[in-house]
Structures are given as structure tokens and as C-alpha cells.
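Please load the model in your viewer and keep the sequence panel open beside it. The tour proceeds by selections, each followed by a note on what is found there.

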Amino acid sequence: MLNTSGCAASTSVPLSSRESPPPRRPPAGRSGVGCETEREQTSPRRPTAFEQPISGTQTGVMRTVYSPESAPPRGFYTLLTASVAPRPIAWISSLSADGIRNLAPYSFFTVASGEPPILSVTSLGHKDSWRNIRDTGEFVVNIGTESLMEVMNETSAPLPADVDEFKVAGVRGEASDVVAAPRVAEAPIALECRRHDIVEVGNGTLLLGEVVSVAVDDDVLAEDGLPDFRKLLPPSRLGRLEWGFAPRTQWIARPKG
Ligand SMILES: Cc1cc2nc3c(=O)[nH]c(=O)nc-3n(C[C@H](O)[C@H](O)[C@H](O)COP(=O)(O)O)c2cc1C
């Protein structure tokens, strides 16, 4: 909220109650007009709007600030997962030391290294996938499609380690090209991995896998030989229990250095 001189007022107004939100950034050269602090007034050269951060109240954006000590009602973890979204989903297939097939979705998932190609998946706690990867050193990251969303979700059930989760989910196993762990036949992309490292971080365990083979369904390939996002339509994980459908896309050229 702005006072009569255009300065941000100190009272809190929920964003939803504003008629129109203020611009996210003030126009260059206009920031602080009539609102300078004593230090700013006496400084030899007034910094432009983008040179120095200005306080949240000066920008007029009302924010609720959380710290790990003052977590929102459902905890800091849910704040993180609702903020870092959408997240891609690694639908991990693996084999136990006894050869039992395991399948589970993991959304704390990204590329950790391009060369060598390494994927990172975080297990919160020591789950069956973690045990299998520790014991066998192999796993497959399957990339599902929107049509597989429900079945992917079903495979998040905490089943005993001796249950064949391919059977329970009703998906077909397909032999991988390099690793012993099977791929999900219905999933259009399978990234076969060998364990690179397992790193404990807080209550998470980073499962780092070197990609040794990638199998892509021809139906989702573009003419350049790469997966086409609009054909793939991978679901994502959002906050709470929400899943995301594939977003709209746009090409933007990278700026030259
Ligand atoms: C969409 C989705 C994403 C998930 N992401 C993670 C994750 O990143 N890390 C994790 O530890 N659990 C995650 N879970 C929960 C696991 O899938 C669940 O604990 C599962 O039972 C683990 O299976 P496993 O013991 O066979 O490895 C997720 C669940 C869903 C539905």
C-alpha cells in the first residue's frame, strides 16, 4: 500500500485484497522519489533503482516471511515443495538383491552433471529404491506421461520389499539394454543408470546415477532426434498432493555474452 507521497506504508495488506497489484519492479529512475532515507539524501550519487536492493515495503509488495523456526501451518517441508514446483518425476524401477521388481515415483529429481551424465534423485529416508540401488548398483529412471499419472501415484504406496510392484501397478516390465533392472514398457523414456554415489544430506539421501543408456519411444521423438516435450507430456509434482499437467512452451534464444 502507498501513502499520499507514494511511499510504501508499513501496514500489511494481503495481496488478495488489493485492487491491482503493484509492478514487481519499480520503473527505472523513479524508485524512492520522496521516500529517501537520510543516508540516501546525503550520499554523493544517488544509486539507480536496480543498483541497490530496496526494502520490501518500499516496493509495495506485501510478503509473508517464513524461517525454518517459524514454519507455516503444514511445516517447512510443505513450504519447500509448494515453492519449488513443478518438479519432474523420476519413476524409478529397480531390482532387489533377490530379484524382486520395485517401482516408485521420486520428484526430488534433476540432472546433476552433463559430463559424465549423472542424475540425482533424493530419497527422504531409506526406502526400498535406496536399498536396491545400494545393493545392486543399478536403476532405471522412467519418464511417465499424463495418461500414466494415476498408476505412477499408485506406485508410491509403501509396500513390503518382497512385493513385485510392477504386478501391483499392472504395468509391463521390459528388459533394459544395459542394466538388469527392468524398464516400464508403457513409459516413453527410460534412462538406465549405474550408481555413481550415494550421499547423505540432512534427512535426504542423494542417489546419484550415471546414465549408461537412454531408450526413447519413436512416437515422442522430434525430427532433430530429441524427445519432443509436446508429444511426451510428462506430468509433474507440485505442492501438497497436486500433480501438474505439461505446461505451455515457448522458445527463447539465450543472450550472447
Ligand atoms: C509424485 C510423487 C513424488 C514423490 N517424490 C518423492 C521424493 O522425491 N523422495 C521421496 O523420498 N519420496 C517421494 N515420494 C514418495 C515415494 O514414492 C514413496 O515413499 C514410495 O513408497 C517409495 O517407494 P520405495 O520404498 O519402493 O522406494 C513421492 C511420491 C509421489 C506420489
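The stops below run from the ligand to a helix, a nonpolar core and a small sheet. The model is predicted.

**The ligand and its shell.** Begin by selecting the ligand and the 17 residues that surround it. The closest are Ala104, Phe108, Lys127, Asp128 and Ser129. By character, the shell divides into 7 nonpolar, 7 polar and 3 charged residues. Colour next by secondary structure: strand S3 (101–106), strand S5 (118–124) and helix H4 (128–136) each supply at least two residues of this shell. The largest share, 4 residues, comes from S3.

**Helix H4.** Select residues 128–136, which make up H4. Its buried residues are Asp128, Ser129, Trp130, Asn132 and Ile133. Asp128 and Ser129 thus appear here as buried positions of the helix, having already been listed among the residues closest to the ligand. Which strands do the buried residues of H4 pack against? Display strand S2 (90–95), S3, S5, strand S6 (138–143), strand S9 (189–201) and strand S10 (204–216), for these are the partners. Then step past the end of the helix to Gly137, which follows H4 and has a positive phi, near 75 degrees.

**The nonpolar core.** Turn now to the largest nonpolar core, which has 31 residues. Select Ala90, Trp91, Ile92 and Val140, the members with the most contacts inside it. S2, S3, S5, H4, S6 and S9 each give two or more residues to this core. Centre the view on Ile92: leaving aside neighbours within four places in sequence, Ile92 is in contact with Ala104, Tyr106, Val121, Ser129, Phe139 and Val141. Two of these contacts of Ile92, Ala104 and Ser129, are also among the residues closest to the ligand.

**Pro88 and strand S1.** Select Pro88, found in strand S1 (residues 87–88). Is this residue buried, partly exposed or exposed? Pro88 is partly exposed, because 17 other C-beta atoms lie within 10 Å, whereas a buried residue would need 20 or more. Apart from residues up to four places away in sequence, Pro88 touches Phe109, Pro234 and Ser236. Add Ile143 to the selection: Pro88 and Ile143 are 55 residues apart in sequence, yet their C-alpha atoms are 8.6 Å apart in space.

**The three-stranded sheet.** Finally, show S1, S11 and S12 together. These 3 strands form an open, antiparallel sheet in the order S1-S11-S12. The edge strands, S1 and strand S12 (243–244), each pair on one side only. Strand S11 (residues 236–237) is joined to S12 by 2 bridges. To end the tour, select Arg237, which stands opposite Trp243 in S12.

Definitions and conventions: Residues are numbered from 1 along each chain as its sequence is written. This is a predicted model: local features need pLDDT of at least 70, side-chain atom pairs count only at pLDDT 80 or more; totals for chains, interfaces and linings use all residues. A residue is near a molecule or strand if its C-beta atom, placed from the backbone, lies within 6 Å of it. Ala, Val, Leu, Ile, Met, Phe, Trp, Tyr, Cys and Pro count as nonpolar, Asp, Glu, Lys and Arg as charged, and the others, Gly among them, as polar. A residue is buried if 20 or more other C-beta atoms lie within 10 Å of its own, exposed if 12 or fewer, and partly exposed in between; C-beta atoms are placed from the backbone. Two residues are in contact if their C-beta atoms, placed from the backbone, lie within 7 Å. A nonpolar core is a set of buried Ala, Val, Leu, Ile, Met, Phe, Trp, Tyr and Cys residues joined through C-beta atoms within 7 Å. Two strands pair if DSSP finds at least two bridges between them.
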